[in-house]
Amino acid sequence: MNCRRAVGAGLLGIGAALLGAQGTGEAPRVVWLHLSSLKGEIPAPDLGRQVASLILDVDRDGLNDFVIASYEKMAWFRRGAGGWTRFCVENGAAGVRMEAGGDFRDLDGDGRPDLLQKDFQKDRRVDVWLNRGRGGYGGR
Ligand SMILES: [Ca+2]
Ligand SMILES: [Ca+2]
């Protein structure tokens, strides 16, 4: 898998539609439509079902970036002058099962925000990815 891609500048566009069978009592479900990534304005998430998202300045350049996670994968989308670049943070290591959101804090005191994600299978477990700078994360 290619963990890093760059594309031209563009606005982030995300669409959603609520689908459900009318009159059946079935709860509607959200189906996300990829808009900007299909136009090449931003790299495709390439994650599968998305379960968490964060907005933060990962590289502390003064521009907010965002992080999206699925059950097994997580990617950082860095906003730069020329557009968005996708960095792979997690690519499905054994035992990784994220769900229901995350957060960020500088846990090791180096000034760079580290990522935290709730583990899907273990109630009291939070996984941590330490920000090593220049797009690298480690120490989960
Ligand atoms: Ca940034
Ligand atoms: Ca840190």
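This short talk walks through four neighbouring strands, β4 to β7, in a predicted model.

Let's start with strand β6, residues 73-80. Six of its eight residues are buried, so β6 is largely enclosed by the rest of the structure. By buried I mean that 20 or more other C-beta atoms lie within 10 Å of the residue's own.

What does β6 pair with? Take strand β5 first, residues 65-70. β5 and β6 run antiparallel, with four bridges between them. To find the pairing on screen, look for I68, which sits opposite A75 in β6. The two strands make a hairpin, and two residues separate them.

Now the other partner. Strand β7 covers residues 83-91. It pairs with β6 in the antiparallel sense, over eight bridges. One pair to look for is F77 and its bridge partner in β7, R86. Here too there is a hairpin: two residues link β6 to β7.

Back to β5. Which of its side chains are buried? D65, V67 and A69 are, and they point to one face. F66, I68 and S70 point to the other face and are not buried. So the side chains alternate along the strand.

β5 also pairs with strand β4, residues 50-56. That pairing is antiparallel, with six bridges. Look for L56 in β4: its bridge partner in β5 is D65. D65 is also one of the buried residues we just met.

To recap: β4 pairs with β5, β5 with β6, and β6 with β7. Each of these pairings is antiparallel. And β6 is largely enclosed, with six of eight residues buried.

Note on methods: Residues numbered from 1 in each chain as written. Chains lettered and ligands numbered in written order. Predicted model: local features only at pLDDT ≥ 70, side-chain atom pairs only at ≥ 80, totals over all residues. Buried ≥ 20, exposed ≤ 12 C-beta atoms within 10 Å, placed from the backbone. Pairing = 2+ DSSP bridges.
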